[in-house]
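Thanks for asking me to look over this one with you. Have the model open while you read, and click along as we go.

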Amino acid sequence: MRSKVTTIVIVGSGFAGTILARALNARGQRVVLIERHTHPRFAIGESSTPLASICLERIAIEYDLPDLFALATYDRWNRELPGVGHGLKRGFSFYQHRPNHAFANSHRNEARLLVSASPDNEIADSHWLRSDVDQHLVRQATSEGVEFIDNCEVERAERRGNGWVLQMNRSGRPLQLDADFVVDATGGVPFLPADAKSEFNEFTIRPADSPGGKGVAPPDTGLIFGHFQGVKSFSDVADEASFLNPPYPEERAAVHHLLEEGWMYVLSFDNDLVSAGFVIDRTHSDSHHFLNAPPDEAWQALLSRYPTIERQFAASEPTRKLTSVPRIQRRRVSGAGSGWALLPHTFSFVSPMFSTGIAWSLIGVERLAGALSNDGNRRLWQLNEYDQMLQIEADHITSLVTPAYQFRQDFDAFVAWTQVYFAAASYHEVWQRLSDPPSEDGWRSVGFLGACDPILQRAKMEAADQLKTAYMDRDIKKTTRGLDFENLVGQLITDRNLAGLANPARNRMYPVDLPLLLRHGDMLGLSDEELRVRLPRIRGLS
Ligand SMILES: Cc1cc2nc3c(=O)[nH]c(=O)nc-3n(C[C@H](O)[C@H](O)[C@H](O)COP(=O)(O)OP(=O)(O)OC[C@H]3O[C@@H](n4cnc5c(N)ncnc54)[C@H](O)[C@@H]3O)c2cc1C
């Protein structure tokens with residue numbers, strides 16, 4: 001049933017709020033999009049993934065929004081939206097460092113892991129220059145008829161009957177707006193009343209629920225970040241380390257430097273701009289020193305502990321003031337109710353470790369656009385389902401990143417754990433590309449990254465438990481060898497391992513292996529012939 005026209009107010013014009021506004025507008029809803037800043041405005045959360053591209057393509061087709069289709073792959077983006085800034089992302093690169101030592105790595109890759117996300121540049125992912133992307137999307141939205149109010153901060157939402165009155169501040173002047181439905185797309189800044197935001201800022205996931213066993217707490221981190229120019233290539237400055245046989249240009253990737261104090265991300269855009277940030281583990285003894293110091297001082301102090309990264313950034317200049325955030329984790333108690341919903345990034349954030357945010361946000365947009373295109377009980381039922389999926393998926397994301405933090409100082413265990421994440425990501429990406437949707441709701445009822453996939457869940461829990469035991473044994477008995485960790489995970493993920501992961505013979509270099517994929521139709525429930533015919537879909541929908 002198509003819903004009657006209601007006023008849906010979306011608070012926050014990041015890419016997720018704006019794409020939702022455009023989808024609902026395309027369905028004939030009256031949408032008002034509110035933004036406290038004006039575009040272009042700075043934002044982070046830049047590194048996209050294949051599951052995000054798949055979802056962008058689906059939304060583009062369902063709501064006839066062709067520019068979203070262009071944003072889904074690197075080459076399409078270059079051809080069709082050349083003025084919107086981005087950077088090539090071919091995969092995930094990880095390097096382990098020791099404080100006060102230059103980065104060291106031999107041909108055995110004891111400190112280096114590269115996992116491809118795409119077979120070539122044409123269908124690769126991108127780092128999104130958010131100021132450009134979000135501005136582009138808002139311009140499209142307004143040209144399509146979405147009402148957009150910028151420089152306007154929503155301060156409070158009050159219930160009136162079945163609807164809402166929003167109290168806002170536009171450039172210092174009070175403003176009111178009536179709404180039938182409110183979507184909080186603010187990325188976590190609270191304005192909905194208590195029932196929708198209780199325990200805001202409290203990370204409510206119980207530690208005992210996280211894999212890795214009882215007492216393994218989810219990440220608790222702060223952040224120091226900025227954008228820079230003049231950053232050198234890491235492999236150029238690490239001149240004594242081996243960078244043999246990369247399956248893709250290794251810094252055209254989401255680069256992760258694992259450190260004693262936490263880790264650092266480095267994302268390169270095509271125009272010499274680099275986004276970088278130190279994610280600081282708040283349980284590290286020096287964390288408060290770094291997070292309480294002025295950000296530029298903390299930045300230099302951290303660089304000075306890692307000589308190779310320091311050389312990489314030696315001639316760099318920040319393009320804006322560096323920023324420090326004392327804590328980035330948060331989670332709300334519920335994600336939707338009668339007359340309101342939160343987008344995923346408003347509901348919860350745990351870690352940028354595996355670049356889950358953009359894809360999860362887009363899946364939330366896809367589901368919410370579907371739910372709000374209905375009314376009455378069907379809408380309510382779908383909002384309830386949306387809420388339940390958010391809960392399950394936030395737990396799942398937490399359980400994927402938690403062991404990565406726990407093992408980050410033992411690269412063998414860390415590498416082995418990442419293979420669980422990459423199995424989840426690659427299996428669910430290939431499944432969604434090559435199979436038919438499992439229900440009339442399309443892929444909307446399928447959990448993000450295998451959150452509702454019992455085979456993957458079991459493999460994840462067992463891998464976390466067994467790796468933890470092996471990791472502790474190694475510490476105590478010094479018997480476990482590095483490759484044992486990978487073999488152990490390899491056995492556990494067999495039924496979801498389409499990508500030849502956790503294979504010590506790969507020497508921690510994982511290209512996209514299509515011939516291997518062709519041998520695994522059974523894992524997807526496809527015959528060899530079906531798989532061969534469908535394989536071109538791996539390059540995107542049409
Ligand atoms: C450190 C860090 C690194 C990350 N890295 C990655 C990554 O590499 N890859 C990835 O996939 N994800 C990443 N993420 C997650 C990613 O940032 C989010 O998934 C994404 O930004 C969500 O987009 P959004 O549109 O929902 O919200 P946002 O991008 O947060 O946009 C919210 C908008 O709401 C506006 N707003 C806020 N409050 C109000 C108000 N009261 N009234 C009006 N307007 C308001 C803001 O100005 C803003 O424009 C990262 C997140 C963090 C914190």
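Here are my notes, point by point, moving from the whole chain down to single residues.

1. **What you are looking at.** Keep in mind that this is a predicted model. The chain holds 19 helices and 22 strands. Its radius of gyration is 23 Å, close to the 24 Å that the globule rule gives for 542 residues, so the chain is as compact as a globular protein of that length. If you want a feel for the dimensions, the C-alpha atoms fill a box of roughly 65 × 60 × 50 Å along the principal axes.

2. **Domains.** Try colouring the chain by domain. Domain 1 is stitched together from 1–85, 129–206 and 331–405. Domain 2 takes 87–126 and 221–325, while domain 3 is the stretch 410–542.

3. **Where domain 1 meets domain 3.** The centres of domain 1 and domain 3, taken over C-alpha atoms, are 29 Å apart. Domain 1 brings 24 residues to the contact, and domain 3 brings 24 residues too. On the domain 1 side, the elements that give two or more residues are α2 (50–62), α12 and α13 (376–406). Which of these gives the most to that side? It is α13, with 8 residues. Sorted by class, the domain 1 side has 13 nonpolar, 6 polar and 5 charged residues.

4. **The six-stranded sheet.** Next, find the open sheet of 6 strands, whose order is β7-β2-β1-β11-β20-β19. Its pairing is mixed. Why do β7 (147–149) and β19 (336–337) each have one side without a neighbour in the sheet? They stand at the edges with a single partner strand each, so there is nothing in the sheet on the other side. As a reminder, strands of a sheet pair through backbone hydrogen bonds, and they can do this in parallel or antiparallel fashion.

5. **Walking across part of that sheet.** Strand β1 (residues 7–11) runs parallel to β2, with 5 bridges joining them. One pair to look for is I10, whose bridge partner in β2 is L33. To get from β1 to β2 the chain goes through α1, and this β-α-β crossover is right-handed. On the β7 side, 3 bridges join β2 (residues 30–34) to β7, and these two strands are parallel as well. Here V32 sits opposite E147 of β7, and L33 has F148 as its bridge partner in β7. So L33 is a handy landmark: it is matched with I10 and also with F148.

6. **Two hairpins in a row.** Strand β8 pairs antiparallel with β9 (residues 163–170) over 8 bridges. The two form a hairpin with 2 residues between them, and G161 in the turn has a positive phi of about 60°. Beside that turn, you can spot R160 opposite G163 in β9. Then β9 pairs with β10 (residues 173–179), again antiparallel, over 7 bridges. M168 and L175 of β10 are bridge partners here. This second hairpin also has 2 residues between its strands, and S171 in its turn has a positive phi of about 45°.

7. **The ligand shell.** How many residues surround the ligand? There are 35, and the closest are G12, G14, G45, G187 and G357. Among the elements, α1 (15–26), β8 (152–160) and α12 (357–372) each supply at least two residues of the shell. You have met α12 before, on the side of domain 1 that touches domain 3. By class, the shell has 16 nonpolar, 15 polar and 4 charged residues.

8. **Backbone oddities.** Most residues other than glycine have a negative phi, and most peptide bonds are trans. With that in mind, look at the bond from H39 to P40, which is cis with omega near 0°. P40 lies in the loop between β2 and α2. Then check N109, a residue other than glycine with a positive phi, near 55°. You will find N109 in the loop between β4 (91–96) and β5 (112–116).

Definitions and conventions
Residues are numbered from 1 along each chain as its sequence is written. This is a predicted model: local features need pLDDT of at least 70, side-chain atom pairs count only at pLDDT 80 or more; totals for chains, interfaces and linings use all residues. Two strands pair if DSSP finds at least two bridges between them. Helices (H or I, at least four residues) and strands (E, at least two) are DSSP runs, numbered from the N terminus. A residue is near a molecule or strand if its C-beta atom, placed from the backbone, lies within 6 Å of it. Ala, Val, Leu, Ile, Met, Phe, Trp, Tyr, Cys and Pro count as nonpolar, Asp, Glu, Lys and Arg as charged, and the others, Gly among them, as polar. A crossover is right-handed if, with the strands pointing away from the viewer, the path from the first strand over the helix to the second runs clockwise. Domain bounds come from an automatic or database domain assignment. Two residues are in contact if their C-beta atoms, placed from the backbone, lie within 7 Å. The radius of gyration is taken over C-alpha atoms; the globule rule is 2.2 Å times the number of residues to the power 0.38.
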